[in-house]
Amino acid sequence: MELEVKTLSGSDAGKQAIGFDFVQENKGNQAVHDTVVAYLAAQRTGTAKTKDRGEVSGTGKKPWRQKGTGRARTGSRRTNIFTGGGVTHGPRPRDFSKKVNAKTRQLALRKALSERIKDGEVVLVDSLKLKTHKTKELRNHILSLKPENAETVLLVSNEQNDDLALAARNLPLLNLVQADTLNTYQVLWPDVVILSREALETVADRLNRK
């Protein structure tokens, strides 16, 4: 399959083959689910923590004698039944990350890109190089490339571009990523994906690895 190539101003610049095979309709859905769940889980810091009775400050003296007071027996002021005592079964630091093997991640990315291309939600441009680092210039280019009803945009470049990074950082509904780190969640997030010729070739190379 071939995609039409546009210039940043929106004019035609030929066609280019996508460079990888589409995933069949009934395959890859579970891979996409597992990969997205793992990605979102990895974003969690897992630093929530409460102090148990051994970590709170307080005396170790027995509050009152064992028998004869009429009150329930207790041996410490640091238990959870007292104000300032420890928390029972509270959150502890943990790692929320999930393991997803490389083949599954590759299938998920292929599936996500296949569906976005089939739905006409991928725009291919000949280059993402800007003349300046001004946000206004990039915004005008985006408006000429994206569909009218699209709000969120993902730009995929092939290499680090300082002018592009500076221009993109002031647009809240736009994300800029590099082709060698592109993941499934990033492909599914926006209304439209805009990538350069070189970025498509890099992604295709990743998807064709055995």
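The following paragraphs describe charged contacts, aromatic pairs and selected residues of this structure.

The model is predicted: local features require a pLDDT of at least 70, side-chain atom pairs count only at pLDDT 80 or more, and totals for chains, interfaces and linings use all residues. Residues are numbered from 1 along each chain as its sequence is written, and side-chain values use heavy atoms, with hydrogens and water left out.

The salt bridges come first. A salt bridge is taken as a side-chain nitrogen of Lys or Arg within 4 Å of a carboxyl oxygen of Asp or Glu. The count under this rule is seven. Glutamate 55 takes part in a salt bridge with lysine 49, at 3.2 Å from N to O. Glutamate 55 also meets arginine 92 in a salt bridge, at 3.4 Å from N to O. Arginine 92 and glutamate 55 are 37 residues apart, each in the loop between α1 and α2, and their pairing links distant parts of the chain. Here helices (H or I, at least four residues) and strands (E, at least two) are DSSP runs, numbered from the N terminus. Exposure is described in three classes: buried is under 20% relative accessible area, exposed is over 50%, and partly exposed lies in between (1.4 Å probe, protein chains only). Glutamate 55 is partly exposed because its relative accessibility is 34%. Lysine 49, at 41%, counts as partly exposed, and arginine 92 is also partly exposed, at 38%.

Another set of charged side chains involves helix α2. Glu25, Lys111, Glu115 and Lys118 are linked in a network of salt bridges. Within this network, lysine 118 pairs with glutamate 115, with 3.9 Å between the closest N and O atoms. The two residues, lysine 118 and glutamate 115, are three residues apart in helix α2, so about one helical turn separates them. Lysine 118 has a relative accessibility of 35% and therefore counts as partly exposed; glutamate 115, at 22%, is partly exposed too.

Charge also appears in a surface patch. Glu159, Glu198, Glu201 and Asp205 gather there in a patch of negative charge. Patches are made of residues with over 30% relative accessible area and no salt bridge, like charges being joined within 9 Å and nonpolar side chains (Val, Leu, Ile, Met, Phe, Trp, Tyr) within 5 Å. Aspartate 205 belongs to helix α6, which spans residues 197–207. Its relative accessible area is 51%, so aspartate 205 is exposed.

The structure also holds three aromatic pairs. One of them joins phenylalanine 20 and phenylalanine 22, whose ring centres are 6.3 Å apart and whose planes stand at 55 degrees, so the pair is tilted. Rings of Phe, Tyr and Trp (its six-membered ring) pair if their centres lie within 6.5 Å; planes under 30 degrees apart count as stacked, over 60 as edge-to-face and the rest as tilted. Phenylalanine 20 is buried because its relative accessibility is 5%, whereas phenylalanine 22 is partly exposed at 27%. Tryptophan 64 and phenylalanine 82 form an edge-to-face pair, with 6.4 Å from centre to centre and 70 degrees between the planes. This pair links distant parts of the chain: tryptophan 64 and phenylalanine 82 are 18 residues apart, each in the loop between α1 (29–42) and α2 (102–118). Tryptophan 64 and phenylalanine 82 are both buried.

The loop between α1 and α2 also contains histidine 89. Histidine 89 has a positive phi of about 55 degrees although it is not a glycine. Most residues other than glycine have a negative phi, and most peptide bonds are trans. The relative accessibility of histidine 89 is 80%, so this residue counts as exposed. Glycine 75 lies in the loop between α1 and α2 as well, and is partly exposed, with a relative accessible area of 45%. Between glycine 75 and lysine 62 the C-alpha to C-alpha distance is 4.7 Å, with their positions 13 residues apart in sequence.

The final residue is valine 192, in strand β6 (residues 192–196). Valine 192 is buried because its relative accessible area is 0%. From valine 192 to lysine 98 the C-alpha to C-alpha distance is 28 Å, and the two residues are 94 residues apart in sequence.

Technical notes
Accessible areas come from the Shrake-Rupley method with a 1.4 Å probe; for residues, only the protein chains shown count as cover. Lys and Arg count as positive and Asp and Glu as negative; His and the chain ends are not counted. The place of a charge is taken as NZ of Lys, CZ of Arg, CG of Asp or CD of Glu.
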